[in-house]
Amino acid sequence: MKTIQEDVYKLDGIETTLLSTVAGRAISSKKGRWIHDPVSEELYERLSPYMEEKYNKRGLNGVALRCKLFDDWIRDFLSSAPDAVCIYAGAGLDPRFQRVDNGRLLWYNVDLKDAIGFRNHLLPESERERNIEGDVFDTGWLAEIKEGNRPVLIIMEGMLQYFTSEEVAKVLKNLADRFSGARIIIDILSDDFLVDEKMVKRMSPAGTTFQWGVHHPSEVTALDGRYRLKRHLRTSEVFKRQSLFMRIVASIPKVRRMCGFIAMYVVDKG
């Protein structure tokens with residue numbers, strides 16, 4: 001059996017981002033800020049001796065905020081569709097199933113070979129949670145999803161920003177071809193952030209770079225006309241509900257423009 005150290009050192013490129021998200025969730029949870037995630041706290045304790053050079057320590061608070069927003073939106077969806085099938089593409093080591101489980105949903109974690117192998121080592125499957133090896137640019141793994149007549153929610157957090165616009169369009173097409181009528185939640189960078197090369201270099205996780213962003217989430221429809229924007233939130237709006245200092249910072253026009261979005265779409269029939 002592989003050791004945790006071997007699993008960490010084997011990660012490369014976009015797969016290394018799972019380490020910074022573990023750190024972001026764990027540190028925030030320990031501080032009692034944004035989320036409560038004891039599983040990520042335990043993972044961080046086990047992984048931290050081996051991950052020092054593998055992740056970017058900047059932006060971890062933003063990781064936790066994004067996680068909270070996704071969790072809130074997922075719970076909101078489940079309140080009206082408790083028997084849904086949830087597909088978490090790029091799941092990494094996120095124990096999101098444990099955080100949002102309502103006792104009825106079916107959950108699929110999807111990730112690349114090394115990442116899903118690592119997940120199986122630390123977060124094995126359970127009765128209603130499966131771990132599937134799959135590349136979002138391919139379609140083979142889609143056959144393993146057994147949704148029946150259940151509503152489908154697709155989750156892609158902290159993933160699409162590392163792809164080009166053409167690659168994002170391919171991912172969206174693959175999903176829309178298979179899951180007509182589904183809901184999909186994604187996070188999107190602001191194009192104002194992407195034009196700041198120094199900021200992009202500073203904030204991109206080790207071995208990766210941010211590539212895709214939009215001026216407004218409605219632009220996703222131009223990549224695939226089947227995606228209809230249902231709701232969206234600019235993260236600066238969340239900061240406005242925090243301390244006075246954060247409200248002031250979030251009100252600065254340049255800061256607001258550089259904040260990204262959380263968005264939900266309905267996948268219409270073509």
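**Arg 99**

I began with Arg 99, which has 13% relative accessibility and therefore counts as buried, the cut-off being under 20%. I noted early that this is a predicted model. Arg 99 sits in helix H5, which covers residues 96–100. I listed its contacts, leaving out residues up to four places away in sequence. Arg 99 touches Arg 25, His 36, Asp 37, Cys 67, Asp 71, Arg 75 and Asp 94. I then looked up its separation from Arg 130. The two residues are 31 apart along the chain, and their C-alpha atoms are separated by 16 Å.

**Helices H2 and H4**

Two of those partners, Arg 25 and Cys 67, led me to a pair of helices. I recalled how such pairs are described: by the angle between the two axes and the distance between them. H2 runs over residues 17–30 and H4 over residues 60–80. Their axes come within 8 Å and cross at roughly 80 degrees. H2 and H4 are therefore roughly perpendicular to each other, as 65 to 115 degrees counts as such. I wrote down who makes the contact. From H2 come Ser 20, Thr 21, Ala 23, Gly 24, Arg 25, Ile 27 and Ser 28. From H4 come Leu 60, Val 63, Ala 64, Arg 66 and Cys 67. Sorted by class, this contact has 6 nonpolar, 4 polar and 2 charged residues.

**Trp 34**

Next I followed the chain past H2. Trp 34 is placed in the loop between H2 and helix H3 (38–47). Is Trp 34 buried or exposed? Its relative accessible area is 16%, so I filed Trp 34 as buried. I also checked the backbone. Most residues other than glycine have a negative phi. Phi of Trp 34 is near 75 degrees, a positive value in a residue other than glycine.

**Asn 109**

I moved on to strand E2, residues 106–111, where Asn 109 lies. Asn 109 has 0% relative accessibility, so I entered this residue as buried. What does Asn 109 touch, not counting residues up to four places away in sequence? I found Tyr 88, Ala 91, Ile 116, Arg 119, Glu 129, Arg 130, Asn 131 and Ile 132. I also looked up Asn 109 against Met 264. These residues are 155 apart along the chain, with 19 Å between their C-alpha atoms.

**Thr 208**

I found Thr 208 in the loop between helix H9 (197–203) and strand E6 (213–214). Its relative accessible area is 18%, so Thr 208 is buried too, with the cut-off at under 20%. Setting aside residues up to four places away in sequence, Thr 208 touches Gly 13, Ile 14, Thr 17 and Tyr 162. Lys 230 is 22 residues from Thr 208 along the chain. The C-alpha atoms of Thr 208 and Lys 230 are separated by 30 Å.

**Asp 177**

Asp 177 belongs to helix H7, residues 165–178. I got a relative accessible area of 46% for Asp 177, so this residue is partly exposed. I checked Asp 177 against Pro 217 as well. They are 40 residues apart in sequence and 21 Å apart in space, C-alpha to C-alpha.

**The whole chain**

Last, I stepped back to the chain. I counted 13 helices and 8 strands. The radius of gyration is 18 Å, close to the 18 Å that the globule rule gives for 270 residues, so the chain is as compact as a globular protein of that length. Along the principal axes, the C-alpha atoms fill a box of roughly 50 × 45 × 35 Å. Of the 270 residues, 52% count as buried. I looked at contacts between residues at least 6 apart in sequence, and 71% of them join residues at least 24 apart. The chain exposes about 12500 Å². Carbon and sulfur atoms supply 51% of that area.

Conventions. Residues numbered from 1 in each chain as written. Predicted model: local features only at pLDDT ≥ 70, side-chain atom pairs only at ≥ 80, totals over all residues. Heavy atoms only, no water. Axes fitted to C-alpha atoms, helices over the stretch in contact; angles between N-to-C directions. Helix = DSSP H or I, 4+ residues; strand = E, 2+ residues; numbered from the N terminus. Parallel < 35°, antiparallel > 145°, perpendicular 65-115°, else oblique. Contact = heavy atoms within 4.5 Å. Nonpolar A, V, L, I, M, F, W, Y, C, P; charged D, E, K, R; others polar. Rg over C-alpha atoms; globule rule 2.2 N^0.38 Å. Buried < 20%, exposed > 50% of the residue type's maximum accessible area, 1.4 Å probe, protein only. Areas by Shrake-Rupley, 256 points an atom, 1.4 Å probe, with all protein chains shown as cover.
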